[in-house]
Amino acid sequence: MFTLYEPRTGTIIDLSFANFISFFNSPYHPHRMGIAVDIYPREQLFLNPFEEAIVVRIAKVGCPRMRSDAVEEDRVVVLLLPSKIVAKVLHVDPSVGEGEKLYLHDPVGRTMITGFLYPWSEPHAHLELRPLHRPLGVLHGLQIKILRLPTVPTTDRIEGVVRYVEKHFVLIEPRKTLGYGPTPLVLGTHGPWIEGGYPYYGYVALHSYSQGLDLGITKVTLKNIELRRGNPFLGVGTYLGRSLIKVVLSEPQAMDLREGDILELSMEIPGKGL
């Protein structure tokens, strides 16, 4: 069960339809600032996560071309909330119209591959909460906090069984687990837990239960990198509520891996032992 909230207005964001979510597994500024969340919904269907909302704007927006299979333009859907703030949603092909009133978990549209997504990115919706007078842009977003989220088995090693193979990445299930936490990769026995895509995005977040679930950002690098099968790779990715670890591979070698293979990365994680 994923539940977020905006502290100033108390706006609740019910993401119980999500498989997993991420605040910091992204290179873009709103994620680096912790004011945006990526939502990976079941069956790629994004639902309205608010008790009530009115669709006040739907527009096309230009985007870069990070992958060849992307659509040429993204969509932005702006929702007016009862708390007099707005929600900005990206990467969703809307099935709603301007002026339409939505209730909790009404369908908004299906996620789509846009030029903002990298080749190893999976379909998701990007969500920000913003002041009423600043519905668009990348600055001035409102802080989003975590109220509730599921835990997953955790490990301090990048070693596991390949469970899913894509052209640019594989997902591995850790073989050795130490406990439970918000992401599958932990620095110590009781945290903090790592969320992010590294080193390719240049930073990760460290989550701690010291005072609730705190979000903090730290720079991270990888050293002494090895891949047992001898393939180069770009890094690893972890998400909130996802038990599998993503290993991003270089394209020519990605298909050399098969489901059921054992994959191990030897890596040094800065901050280990905190």
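These entries record what I looked up in a predicted model of one protein chain.

**Entry 1: overall make-up**

I began with the chain as a whole. It has 274 residues, and 53% of them are buried. I found two helices and 24 strands listed for the chain. I then looked at contacts with a separation of 6 or more, and 65% of these are between residues 24 or more positions apart.

**Entry 2: nonpolar cores**

Which residues have the most contacts inside the largest nonpolar core? I noted Leu4, Leu15, Ile21, Phe23, Leu79 and Leu129, in a core of 44 residues. The elements giving two or more residues to this core are strands S3 (18-22), S4, S5 (45-47), S6, S7 (73-80), S8, S12 and S16 (169-174). I also recorded a second, separate core, which has 19 residues, including Ile158, Val204, Val236 and Leu249.

I went back to Leu79 to list its neighbours. Leaving out residues up to four places away in sequence, Leu79 touches Asn48, Phe50, Ala53, Ile54, Val55, Val56, Ile85, Val86, Ala87 and Leu102.

**Entry 3: the largest pocket**

I looked next for open space in the model. The largest pocket has a volume of about 390 Å³. Its lining consists of 30 residues, and those nearest the centre of the pocket are Tyr28, Leu90, His91, Phe116 and His126. Helix H1 (29-32) and strands S4 (36-41), S6 (52-62), S8 (85-90) and S12 (125-131) are the elements that give two or more residues to this lining. Which element gives the largest share of the lining? I found that H1 does, with three residues. Sorted by class, the lining holds 15 nonpolar, 10 polar and five charged residues.

**Entry 4: aromatic pairs**

I counted 13 aromatic pairs in the structure. For Phe17 and Phe46, the ring centres are 5.7 Å apart and the planes stand at 80 degrees; the cut-off for edge-to-face is over 60, so I entered this pair as edge-to-face. Phe17 sits in the loop between strand S2 (11-14) and S3, and Phe46 in strand S5, so the pair links distant parts of the chain, 29 residues apart. Are these two residues buried or exposed? Both Phe17 and Phe46 are buried.

A further edge-to-face pair joins Tyr28 and Phe116, with 5.8 Å from centre to centre and 90 degrees between the planes. This pair also links distant parts of the chain: Tyr28 is in the loop between S3 and H1, Phe116 is in the loop between strand S11 (107-111) and S12, and they are 88 residues apart. I noted again that Tyr28 and Phe116 are among the residues nearest the centre of the largest pocket. The relative accessible area of Tyr28 is 27%, which means that Tyr28 is partly exposed.

I also recorded one aromatic cluster, formed by Tyr118, Trp120, Tyr200 and Tyr201.

**Entry 5: Arg65**

My last entry concerns Arg65, which lies in the loop between S6 and S7. With a relative accessible area of 49%, Arg65 is partly exposed, because the cut-off for exposed is over 50%. Which residues does Arg65 touch, not counting those up to four places away in sequence? I listed Ala70, Val71, Glu72 and Gly115. I also checked Arg65 against Phe116: the two are 51 residues apart in sequence, and their C-alpha atoms are 6.8 Å apart in space.

Note on methods:
Residues numbered from 1 in each chain as written. Predicted model: local features only at pLDDT ≥ 70, side-chain atom pairs only at ≥ 80, totals over all residues. Heavy atoms only, no water. 1 Å grid on protein atoms, 1.4 Å probe; cavity = no way out; pocket = protein on both sides within 12 Å on 5 of 7 lines; lining within 4 Å. Points joined across faces, edges and corners; volume = space filled by probe spheres on them. Helix = DSSP H or I, 4+ residues; strand = E, 2+ residues; numbered from the N terminus. Nonpolar A, V, L, I, M, F, W, Y, C, P; charged D, E, K, R; others polar. Core = buried A, V, L, I, M, F, W, Y, C linked by side-chain atoms within 4.5 Å. Buried < 20%, exposed > 50% of the residue type's maximum accessible area, 1.4 Å probe, protein only. Contact = heavy atoms within 4.5 Å. Phe/Tyr/Trp six-rings, centres within 6.5 Å; stacked < 30°, edge-to-face > 60°.
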